[in-house]
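The exercises below are meant to be worked with the sequence and the coordinates side by side. Each one sets a task and then goes through a solution step by step.

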Amino acid sequence: MLYTLVEAGFEAYLVGGGVRDLLANLKPKDFDIATSAHPEQVKKVFARQCRLIGRRFLIAHVRAGGEIAEVATFRGPITDSHERDETGRILSDNIYGSLETDAFRRDFTVNALYYDIRDYSIIDFADGISDLQRRRLRMIGEPELRYREDPVRMLRAIRVANKLGFEIEPATAEPISRLAPLLGEIPPARLFDEIIKMLLSREARANLDGMRERGLFGILFADTETALAEDARWLRLLHQAAANTAARVENDQPVTPAFLYAALLWPSVALRAQFLACNEGYAPMLALSQAADEVLARQSLRVSIPRRFSTPIREIWLLQPRFDHRHGARAKRLLAHPRFRAAYDFLVLRGASAEPQLAGLADWWTQAQTAKELPPAPADDAAASAPVPKRRSRRRGGRRRRGKKAQD
Ligand code: ATP
Ligand code: MG
């Protein structure tokens, strides 16, 4: 792609994570190209291999040999003519520039290294090589200003530093805790993408801890942070979920945001369901279902949760009480449920972390999957931690809720 662009008369460089990771002896996840060609020109050069994507600014996705690269036109300098909101966030951004202006628009010095195929050199305007050697992540320019321009850079600082095993240089780290609330201004869909990058990764645990340490997590997942502060065992659940994710990424197994989100929001759901059951007279299953709806609705105001994930998340939660029934037909129905596997994995996760009283139950279901016959159910079955209501109480709960709605 670089040769194609250069042969067509444009400047083109490899930049960003691709260069950075290669120089740090890591395998790059994807490749980014910076070019003097404008998006329509990139489109013309690559024709059907190219799609223009309009996110905050127009960039080209170019496909070749099974790989996709992001090709972005050199960004121009930030000027007073850029539209900003009252916190300093840049709202519109489509002025093109040169290689040099592009370099100073990037976030960290190690992300602003350009590989030039014409002479196999690295172009380094921001002293990124020296930071790479000293293993430190440093913001280009004045950190506070750069975070205000785009608060997502606070999340990126933690993610990139953890990925490289670098220290965040003190002046780059200092403003983060102070400016954390600015993340509240970012569109929920963009935050969803960033959270996925942070937590569906090998560094999930370090990213989680980093976000919490610097007050970012509390802005994004306020209810979960409250639950964590009240009861330390929930942190075990999140750490275990992060460890599972990391192990799967390590082994090239697929990871889904649904499982991760189910864990992230479970403390709030469990607390809310308990409140509704104990204080508002909801039957247990209804309490759980109502809590799930409330927590998902509240959470998606901050970090969006696409429906293709919220549906399985809800199912994972709502299947949890059904594991208490280990007899005959009910147990067999659960084993055949399309979401059994994810819900079972979640039960194992709970038992192995925050709710050790469930470990025995999880073991039983582990055996049930492989045995020809269901293992014997203990005498106290379905009287365990989260009983499913008997038919009568369920109906009562249902009527009561409808009654309340009518009053409202
Ligand atoms: P990875 O691809 O491994 O997640 P990356 O640094 O390549 O890391 P991308 O999102 O692919 O991350 O971005 C590519 C490059 O674009 C970055 O290296 C950086 O130079 C620049 N960039 C990305 N996001 C920002 C931002 N919010 N502010 C300034 N520059 C950014
Ligand atoms: Mg990249």
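## Overall architecture

The protein chain holds 20 helices and 9 strands, and the model examined here is a predicted one. Its C-alpha trace spans about 75 × 50 × 40 Å along the principal axes. Of the 408 residues in the protein chain, 48% are buried. Among the contacts with a separation of 6 or more, 65% are made by residues 24 or more positions apart.

## Exercise 1: Helix α9

Task: check the span of helix α9 against the expected value, then establish which of its residues are buried and what covers them.

Solution.
- Step 1. Helix α9 comprises 12 residues (188-199), which at 1.5 Å a residue should span 16 Å; the C-alpha atoms at its ends are 16 Å apart, in agreement with that expectation.
- Step 2. The buried residues of α9 are Leu-191, Phe-192, Glu-194, Ile-195, Ile-196, Met-198 and Leu-199.
- Step 3. The cover over these buried residues includes α7 (152-164), α10 (204-213), α11 (216-220), α13 (233-250), α14 (257-279) and α16 (307-319).

## Exercise 2: Salt bridges

Task: find how many salt bridges the model contains, and describe the pairs Asp-21 with Lys-163, Arg-118 with Asp-116 and Arg-314 with Asp-293.

Solution.
- Step 1. Side chains of opposite charge can pair when their charged atoms come close. With a cut-off of 4 Å between nitrogen and carboxyl oxygen, the count is 26 salt bridges.
- Step 2. Asp-21 and Lys-163 form a salt bridge with an N to O distance of 3.0 Å. The pair links distant parts of the chain, since Asp-21 belongs to helix α2 (residues 17-23) and Lys-163 to helix α7, 142 residues apart. Asp-21 counts as buried because its relative accessibility is 1%, whereas Lys-163, at 24%, counts as partly exposed.
- Step 3. Arg-118 and Asp-116 form a salt bridge at 3.1 Å, N to O. Arg-118 has a relative accessibility of 54% and therefore counts as exposed, while Asp-116, with a relative accessible area of 6%, is buried.
- Step 4. Arg-314 and Asp-293 form a salt bridge at 2.6 Å, N to O. Arg-314 lies in helix α16 and Asp-293 in helix α15 (residues 284-299), so this pair ties together parts that are 21 residues apart in sequence. Both partners are partly exposed, Arg-314 with a relative accessible area of 23% and Asp-293 with a relative accessibility of 36%.
- Step 5. Glu-144, Arg-148, Glu-174 and Arg-178 are joined into one network by salt bridges that share partners.

## Exercise 3: The magnesium ion and ligand 1

Task: determine which residues coordinate the magnesium ion (ligand 2), and which residues come nearest to ligand 1.

Solution.
- Step 1. The magnesium ion is coordinated by Asp-30 (OD) and Asp-32 (OD), at 2.3 to 2.4 Å. Asp-30 is partly exposed, with a relative accessible area of 32%, whereas Asp-32 has a relative accessibility of 18% and so counts as buried.
- Step 2. Around ligand 1 there are 16 residues, of which Arg-20, Asp-150, Arg-153, Arg-159 and Lys-163 come nearest.
- Step 3. An oxygen atom of ligand 1 lies 2.9 Å from a polar backbone atom of Gly-17, and an oxygen atom of ligand 1 is 3.2 Å from a polar side-chain atom of Asp-32. A nitrogen atom of ligand 1 is 2.8 Å from an N or O atom in the side chain of Asp-150.
- Step 4. Asp-32 thus appears in both parts of the exercise, as a residue that coordinates the magnesium ion and as one with a polar side-chain atom 3.2 Å from an oxygen atom of ligand 1.

Note on methods:
Residues are numbered from 1 along each chain as its sequence is written. Chains are lettered from A and ligands numbered from 1 in the order in which they are written. This is a predicted model: local features need pLDDT of at least 70, side-chain atom pairs count only at pLDDT 80 or more; totals for chains, interfaces and linings use all residues. Side-chain values use heavy atoms; hydrogens and water are left out. Helices (H or I, at least four residues) and strands (E, at least two) are DSSP runs, numbered from the N terminus. The expected span of a helix is 1.5 Å times one less than its number of residues. Buried means under 20% relative accessible area, exposed over 50%, partly exposed in between (1.4 Å probe, protein chains only). Contact means heavy atoms within 4.5 Å. A salt bridge is a side-chain nitrogen of Lys or Arg within 4 Å of a carboxyl oxygen of Asp or Glu. Donors are N, O and S atoms within 2.8 Å of the metal (3.2 Å for Na, K and Ca); water is not among the atoms, so sites may look incomplete. A residue is near a molecule or strand if one of its heavy atoms lies within 4 Å of it. A polar contact is a pair of N or O atoms within 3.5 Å; within protein, one must be able to donate a hydrogen and the other to accept it, and residues adjacent in sequence count only if both atoms are side-chain atoms.
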